[in-house]
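Notebook open, coffee poured. I want to look up how the ligand is held and what the protein puts around it.

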Amino acid sequence: MSYSYDDQNIFAKILRGEIPNDTVLETEHTLAFRDIQPQAPVHVLVIPKGAYVCHDHFAAEASEAEIIDFIRASAKLCDMLELSPGAGHDGYRTISNAGEAGIQDVPHYHLHILGGRSLGRMVPKPE
Ligand code: 5GP
């Protein structure tokens, strides 16, 4: 596996404070903020502060501290955003797009957390 990270991507600029964001949660290694073009009533993006391109890059190369922080932050967000079925809420979907086939627009690893409505099938069936 070999990834090169483009530090001019929009989320890198958000992390450097060059572009504003609507922060929901910030931890030592993780930032979560509202998507600028929400696809559901709740649409939050969770990103590591480190320079990782996509899920497998992060999962393979991030430190255990970064990975634990990221996963625990995502759980806290599900709670804060009142999405967790375990707390009697309606549920949610996490999505992480990677590369061309995944139609990833921003090359900084991010998890979409979507909720607040029924989200339909996981992947649309081909026409
Ligand atoms: P991807 O297609 O890479 O999985 O998703 C990128 C997401 O980033 C899209 O949902 C898009 O709306 C969101 N996005 C792109 N630019 C910005 C921005 O400047 N601010 C915020 N908050 N979200 C953005």
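I started with the backbone, keeping in mind that this is a predicted model. A polar backbone atom of Asp105 is 2.7 Å from an oxygen atom of the ligand. Then I checked how much of the ligand gets covered: on its own it exposes 520 Å², and the protein buries 84% of that.

Next I went through side chains. For Asp35, I found an N or O atom of the side chain 2.5 Å from a ligand oxygen. For His110, a polar side-chain atom lies 2.9 Å from an oxygen atom of the ligand.

Which residues are closest to the ligand? I noted Asp35, Asn97, Asp105, His110 and His112, out of 16 residues that surround the ligand. So much for the roll call.

I also sorted the shell by residue type. I got eight nonpolar residues, five polar ones and three charged ones around the ligand.

Where does the ligand sit? I looked through the pockets and found the ligand in the largest one.

Then I asked myself which element gives the most to the shell. That is α1, with three residues. Both α1, residues 10-15, and β2, residues 30-34, supply at least two shell residues each.

Since β2 had turned up at the ligand, I followed this strand to its partner. Strand β1, residues 23-26, runs antiparallel to β2, and three bridges join the two. I picked out one pairing: Leu25 has Ala32 in β2 as its bridge partner. The connection from β1 to β2 is a hairpin through three residues.

A reminder to myself for viewing strands: side chains in a regular strand alternate between the two faces of the sheet.

Last entry, for quick reference: the polar partners I logged for ligand oxygens include the Asp35 side chain, the Asp105 backbone and the His110 side chain.

How values were computed
Residues numbered from 1 in each chain as written. Predicted model: local features only at pLDDT ≥ 70, side-chain atom pairs only at ≥ 80, totals over all residues. Heavy atoms only, no water. Near = heavy atom within 4 Å. Polar contact = N/O pair within 3.5 Å; in protein donor to acceptor, adjacent residues only side chain to side chain. Areas by Shrake-Rupley, 256 points an atom, 1.4 Å probe, with all protein chains shown as cover. 1 Å grid on protein atoms, 1.4 Å probe; cavity = no way out; pocket = protein on both sides within 12 Å on 5 of 7 lines; lining within 4 Å. Sits in = over half its atoms within 2 Å of the grid points. Helix = DSSP H or I, 4+ residues; strand = E, 2+ residues; numbered from the N terminus. Nonpolar A, V, L, I, M, F, W, Y, C, P; charged D, E, K, R; others polar. Pairing = 2+ DSSP bridges.
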